[in-house]
Amino acid sequence: YVADVAYFIGEDTPKMTGVRNPEIPKGYSYDYVNAEVLMTAKAKDGKLVLESGMEYSVLVLPKIETMRPELLAKIQQLVKDGVVLQGPAPRRSPSLENYPEADVQVQTMANQMWQSKIYPFAEKVEYGNGYIYPNASLEQILADRGVQPDFTASDPMLPVLFIHLTTEEGEMYFVSNQTEETISFDANFRVKGMQPELWDPETSEVRYLPQHKDLTGGTSVPMTMAPLESAFVVFREPAKEIAGDNFPEAQVVTAVDGPWTITFEEGRGGPKKPVVTEKLFDWIESENPQIKYFSGNAIYTAKFNIDKLPEDQTYIDLGDVMVMAKVRVNGQEAGGVWTTPYQVNVTDLLKEGENTLEVEVVNCWRNRMVGECSMPKKERFTFHTAADINAESELQSSGLLGPVRVVSYDYHTVE
């Protein structure tokens with residue numbers, strides 16, 4: 001795990017976590033550390049290094065007046081050895097052990113380190129090989145120390161979250177789109193001279209991202225992410241020249257228009273016979289209460305034709321699904337979907353000519369619970385204690401909503 005800032009939580013009890021004051025700037029990560037961890041830490045190359053191997057560019061003290069002399073002596077040595085410290089000087093010990101000598105020790109070390117009597121308004125004080133910033137912001141300190149953001153998006157207003165892990169294999173970033181919209185942006189990573197790859201956590205597919213450019217101290221990678229999508233961006237090889245786009249447009253091979261046969265699970269209050277429809281629909285829009293209030297599994301079946309198999313990676317794109325689905329093509333399992341984009345790779349399952357698609361969809365219990373509120377007791381089979389569910393409660397969209405297509409992408413997969 002890569003983090004640039006360590007926040008010391010203080011020694012008062014009970015204390016399980018700390019506060020971020022000053023706040024961590026966007027594009028950086030942080031940890032909370034306690035006194036026990038600091039007592040075994042060391043300084044190396046201007047960084048705070050824990051016994052676990054974690055490294056931090058800045059150690060932040062909480063805005064409190066107390067610290068045990070044993071801990072302050074350790075921090076004093078860390079700063080002498082090159083650690084960068086942010087925060088106010090402590091004035092006394094939180095303990096009555098060795099009182100009042102302990103308070104005198106704290107004040108003496110604090111005067112030596114912060115030098116507030118000599119430099120009462122200093123933004124930065126040099127002490128040994130390290131520095132102390134009494135009141136500076138983390139943006140100022142990190143910029144002063146030449147520590148660039150670990151990850152940024154070209155549009156700073158986009159709610160994109162990240163976490164960074166360094167391994168022997170390379171640099172791994174987990175990037176998450178927190179919006180319910182498709183977003184496109186340039187992602188800037190604090191990695192230089194390396195080839196970006198996209199690792200899909202849903203499908204386990206790995207492919208190169210051909211488009212990237214070097215920045216000062218980093219790499220910029222154009223990204224497009226579906227609503228609420230997350231992905232790993234991994235750097236483990238030297239950068240190389242690869243033609244193509246990072247997120248090429250989908251090439252529609254064919255649309256799967258139906259007719260669709262829907263077989264509802266037995267014993268769940270749904271239709272006893274398969275329902276044939278030319279058009280996909282939301283179950284809650286049905287005039288048939290057995291469908292409108294159905295909760296359970298339903299299998300959609302349709303046929304489609306392919307004149308010539310695509311050369312690129314090919315997928316079944318389900319459009320929209322509520323809530324989850326499993327896909328089978330020509331009787332073989334293709335995978336499952338539970339979030340956008342609702343796609344599964346079917347490259348090795350397709351054949352020229354007629355193909356059979358089965359989509360097994362499952363929704364939540366809510367609709368059946370709502371429907372049973374207006375049903376005779378003899379027709380009810382659910383039990384719940386949700387007092388807020390009644391016959392007028394809002395229903396949850398359910399079923400395979402589509403549109404369903406077979407699409408291909410010019411991806412550069414990693415073998």
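**Cores, rings and strands: how the labels are earned**

Reader: Which residues does Tyr-300 touch, not counting those up to four places away in sequence?
Author: Tyr-300 touches Trp-260, Thr-261, Ile-262, Leu-280, Trp-283, Leu-357, Glu-358, Val-359, Val-361, Gly-399 and Leu-400. Contact here means heavy atoms within 4.5 Å.

Reader: Before we go on, what sort of model is this?
Author: It's a predicted one, where local features need pLDDT of at least 70 and side-chain atom pairs count only at pLDDT 80 or more, while totals for chains, interfaces and linings use all residues. Residues are numbered from 1 along each chain as its sequence is written, and side-chain values use heavy atoms, with hydrogens and water left out.

Reader: Back to Tyr-300, then. What makes a set of residues a nonpolar core?
Author: They have to be buried Ala, Val, Leu, Ile, Met, Phe, Trp, Tyr or Cys, joined through side-chain atoms within 4.5 Å. The largest such core has 31 residues, and Tyr-300 is among those touching the most other members, alongside Trp-260, Ile-316, Leu-318, Leu-357, Leu-400 and Val-404. Strand 20 (260-264), strand 22 (297-306), strand 25 (324-329) and strand 28 (353-362) each supply at least two residues of this core. Strand 22 gives the most, with five. Strands, by the way, are DSSP runs of E, at least two residues long, numbered from the N terminus. There's also a second, separate core of 28 residues, including Phe-8, Met-67, Leu-78 and Ala-110. As a general point, nonpolar side chains tend to be buried together in soluble globular proteins.

Reader: Why is Ser-29 called buried?
Author: Buried means under 20% relative accessible area (exposed is over 50%, partly exposed in between, with a 1.4 Å probe and protein chains only). Ser-29 comes in at 8%, so it counts as buried. Ser-29 is in the loop between strand 1 (5-8) and strand 2 (30-33). Beyond its neighbours within four places in sequence, Ser-29 contacts Tyr-1, Val-2, Ala-3, Asp-4, Val-5, Ile-24 and Phe-162.

Reader: And what about Gly-170, buried or exposed?
Author: At 11%, Gly-170 counts as buried. Gly-170 is in the loop between strand 11 (160-166) and strand 12 (171-177). The C-alpha atoms of Gly-170 and Phe-235 are 5.6 Å apart, though 65 residues separate the two along the chain.

Reader: Why is the Tyr-7 and Tyr-30 pair called edge-to-face?
Author: Rings of Phe, Tyr and Trp (its six-membered ring) pair if their centres lie within 6.5 Å; planes under 30 degrees apart are stacked, over 60 edge-to-face, the rest tilted. The structure holds 17 such aromatic pairs. For Tyr-7 and Tyr-30 the centres are 5.7 Å apart and the planes at 85°, so the pair is edge-to-face. Tyr-7 lies in strand 1 and Tyr-30 in strand 2, so the pair ties together parts 23 residues apart in sequence. Tyr-7 is buried at 1%, whereas Tyr-30 is partly exposed at 24%.

Reader: How do you know that the charged end of Arg-207 sits over the ring of Tyr-411?
Author: The test asks for NZ of Lys or CZ of Arg within 6 Å of the ring centre and within 35 degrees of the ring normal. Arg-207 is 3.9 Å from the centre of the Tyr-411 ring. Arg-207 also lies over the face of Phe-247, at 5.1 Å from the ring centre.

Reader: What makes strand 16 and strand 17 a pair?
Author: Two strands pair if DSSP finds at least two bridges between them. Strand 16 and strand 17 (residues 218-225) have three, in the antiparallel sense.

Key
Helices (H or I, at least four residues) and strands (E, at least two) are DSSP runs, numbered from the N terminus.
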